[in-house]
Amino acid sequence: MDSLLIIWLFRLGLRSLVLESSHSLRVTGFAFITWTNAWRALDAIGVGDYLRQHHNQLYGLQSASTVSGLQTSEISFKAKGKNGEHDIRCLQRKVLLEALLKELPNGTIRYSSKVVSVEESGYLKLVHLADGSILKTKVLIGCDGVNSMVAKWLGLKKPAFTRRYAFRAYAYFKSGHGFEPKFLQFFGKGVRSGFIPCDDKTVYWFMAFTPSSQGNPFILTRIIEVSEASKLEEEVEQTKRRVLGMGKRGRGAKGNCLKMEKGHQKGHRRGTHLLMEMDSRALWEAKDQRPK
């Protein structure tokens with residue numbers, strides 16, 4: 001991650017500049033699991049304790065079949081590892097970026113700076129921006145994603161289409177979701193799905209699949225607008241009963257940030273609650289609130 005790298009360079013006394021193509025910090029996004037080693041790195045730069053206060057520790061992983069409805073495996077995170085206790089949490093990207101930003105010196109990030117080309121000039125690299133300006137640097141580090149201009153300049157191959165699709169999102173429950181602090185995942189007919197509590201009110205969820213030659217392995221059965229919290233609450237309760245048969249009642253639930261990924265290319269749907277039914281078992285809901 002570029003922000004984490006810049007913090008380390010700054011503490012080593014190396015002056016650096018981050019070029020951000022958007023006009024402001026992009027804090028929208030989802031979440032990801034951070035394992036023990038990741039928390040050691042976050043502790044080293046002084047943000048670990050703050051992030052722990054906003055994310056619950058996970059105590060295990062459960063897997064189940066969407067075909068049989070039976071649990072297939074369970075792993076406990078409570079047992080000590082070779083290097084001591086495990087520290088595993090589902091970290092929200094927005095919270096992480098905001099914490100890292102506070103550690104950066106003012107002026108470290110230059111916004112509205114889209115890189116369009118790179119060229120060499122002796123020992124220097126000339127970075128051309130979309131606004132016509134040119135920056136000179138001794139070292140250029142590419143953290144610019146799948147369509148990296150730096151990777152293109154280095155002559156790396158274009159990203160390959162893996163034929164794997166994914167939905168990723170998170171849902172917010174105003175009065176709490178009631179799920180245990182465990183990673184729950186489901187497998188069946190070429191589809192992997194699951195969800196992970198981030199804290200007492202936020203749950204990250206996902207669904208991934210590879211289309212077969214006979215067609216997609218799941219069916220998108222309904223796309224509806226849900227304007228009343230009570231209606232959405234009812235749908236969420238049905239989700240819990242049908243998929244898990246567990247969990248306390250969470251009220252005022254709302255979902256946000258829905259993204260569909262196709263290989264390395266990403267697309268979005270706006271302002272719609274999606275109810276996706278997979279093999280008549282897994283029912284999920286989310287709403288895209290990406291900035292317009």
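**Notes on the cores, helix α2 and a three-stranded sheet**

1. Let's start with the interior of this predicted model. Its largest nonpolar core holds 16 residues, and Leu42, Val47, Leu51, Leu91, Leu96 and Leu100 have the most contacts inside it. Helices α1 (2-11), α2 (36-44) and α4 (93-103) each contribute at least two residues to this core, with α4 giving the largest share, four residues. A second core, separate from this one, has 15 residues, among them Ala171, Phe179, Met207 and Phe209. As general background, nonpolar side chains tend to be buried together in soluble globular proteins.

2. Helix α2 deserves a closer look. Thr36, Trp39 and Leu42 are its buried residues to note. They lie on the same side of α2, because they cover an arc of only 115° around the axis. That fits the general rule that an α-helix has 3.6 residues a turn, so residues three or four places apart point the same way.

3. What covers the buried residues of α2? The cover includes β2 (31-34), α3 (48-52), β5 (89-92) and α4. After α2 comes Gly46, with a positive phi near 90°.

4. Now to the sheet, which is open and made of three strands in the order β7-β8-β9, with antiparallel pairing. Strands β7 (115-121) and β9 (134-137) are the edges, each pairing on one side only. On average, neighbouring strands here are turned by 25° against each other, direction ignored.

5. For the pairing of β8 (residues 124-129) with β9, there are four bridges, and the two strands run antiparallel. One detail to check in your viewer: Val127 has Leu135 as its bridge partner in β9.

Definitions and conventions
Residues are numbered from 1 along each chain as its sequence is written. This is a predicted model: local features need pLDDT of at least 70, side-chain atom pairs count only at pLDDT 80 or more; totals for chains, interfaces and linings use all residues. Side-chain values use heavy atoms; hydrogens and water are left out. Two strands pair if DSSP finds at least two bridges between them. Axes are lines fitted to C-alpha atoms, for helices over the stretch in contact, and angles run from 0 to 180 degrees between N-to-C directions. A nonpolar core is a set of buried Ala, Val, Leu, Ile, Met, Phe, Trp, Tyr and Cys residues joined through side-chain atoms within 4.5 Å. Buried means under 20% relative accessible area, exposed over 50%, partly exposed in between (1.4 Å probe, protein chains only). The arc is that of the directions from the helix axis to the C-beta atoms. Contact means heavy atoms within 4.5 Å.
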